[in-house]
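The following exercises ask the reader to locate residues and to classify them. Each task is followed by a worked solution.

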Amino acid sequence: MDISIITPIYHGNKYINSYLKNVIKACDKIAGKVEIIFVNDSPEIKIEYDENLIKNVKFRIIENKTNIGIHESRIVGVKEAKGKYILFLDQDDEIAENALITQLDSIQDGADMVLGNGLYEDEKGSNKIFANKFSQKFSIKKMPYILARNFIISPGQCLIRKESIPEYWLQNTMQANGADDYLLWLLMFNDNAKIVCNYNIIYIHKYTGENVSLDKEKMFNSQLDLIQALENNKEYNKKDLKKLKRAIYYKHNYKKDFFAETLKNLDIFLYNVYYKILWKGYTSK
């Protein structure tokens, strides 16, 4: 088995048939080498789907006993996965028809993860996540994630070697939804993971108006959970953690007292000015 596609489902029946139609087109390009795993995180609701859609693909549903959240549901999927590589998708995601085959081709040189380009939809339309190769290459370096932000819109852009997923991420569940993928990237950078780019448009982040990432207060609370997780990790670089913590608090607090906060965090301010001058691609509002 080459790829395990893991998707937590939460009150998601309205998305499932469209999801399966879309993903199976990509699976057909590497027939017999992909499995789709649904982790039902709303176990009080039976997952309903058109069985005719899955005749030519390996498909499993794992039922959580209770609602456990997206991070732990992803972990449940990883532990059951048979594939060499993992793709985390959300129930409302879409991927391009060439997504799996080009991601697989890109990671075959021994990389731990490949980051693909994609489209990000919002209420105004859609734009490339990375407008050029420079921006995408910028997004596979560690320091932008420490001093600026999470540059990966969704795990759906990434094909990850299963054995490269840090054990700490698999054993320490974040309780606040939103930043578990950010934690994953930070831990992989800390492990000096080899990350490469696939410049094809392989992923579409659909706009539903319900995305957790659009709620800045929820995301901040999840980032506080992330900080706590890293503080508890004896292997995580403490200098990086100190910078990350200052950056998260600075971005949350600077509007209250811009000059005082910026003077205390001048290095972070200057780095963000630098990245915004050079950056060409999607930026959250």
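**Exercise 1: Gln157**

In this predicted model, the side chain of Gln157 comes within 2.8 Å of the backbone nitrogen of Ile153. Determine where Gln157 lies and whether Gln157 is buried or exposed.

Solution.
1. Gln157 is located in the loop that runs between helix H5 (143-147) and strand S8 (158-161).
2. The relative accessibility of Gln157 is 0%. Buried means under 20% relative accessible area, so Gln157 counts as buried.
3. Beyond neighbours within four places in sequence, Gln157 is in contact with several residues, including Gln103, Val114, Ile129, Phe130 and Tyr203.

**Exercise 2: Two residues with positive phi**

Classify the accessibility of His11 and that of Asn192.

Solution.
1. His11 is not a glycine, yet has a positive phi of about 50°. His11 belongs to the loop between strand S1 (3-9) and helix H1 (13-27).
2. The relative accessible area of His11 is 40%, so His11 is partly exposed.
3. Asn192, also not a glycine, has a positive phi of about 60°. This residue sits in the loop between helix H7 (180-190) and strand S9 (195-205).
4. Exposed means over 50%. With a relative accessible area of 67%, Asn192 is therefore exposed.

**Exercise 3: A nonpolar patch**

Identify which helix gives the most to the nonpolar patch.

Solution.
1. The surface patch consists of Phe134, Val273, Tyr274, Ile277 and Leu278, which together have about 450 Å² of accessible area.
2. Helix H11 (residues 266-278) gives the most, with four residues.
3. Tyr274 is found in helix H11; its relative accessible area is 41%, so Tyr274 is partly exposed.

Methods. Residues numbered from 1 in each chain as written. Predicted model: local features only at pLDDT ≥ 70, side-chain atom pairs only at ≥ 80, totals over all residues. Heavy atoms only, no water. Patch = residues over 30% accessible without salt bridge, like charges linked within 9 Å, V, L, I, M, F, W, Y side chains within 5 Å. Areas by Shrake-Rupley, 256 points an atom, 1.4 Å probe, with all protein chains shown as cover. Salt bridge = Lys/Arg side-chain N within 4 Å of Asp/Glu carboxyl O. Helix = DSSP H or I, 4+ residues; strand = E, 2+ residues; numbered from the N terminus. Buried < 20%, exposed > 50% of the residue type's maximum accessible area, 1.4 Å probe, protein only. Polar contact = N/O pair within 3.5 Å; in protein donor to acceptor, adjacent residues only side chain to side chain. Contact = heavy atoms within 4.5 Å.
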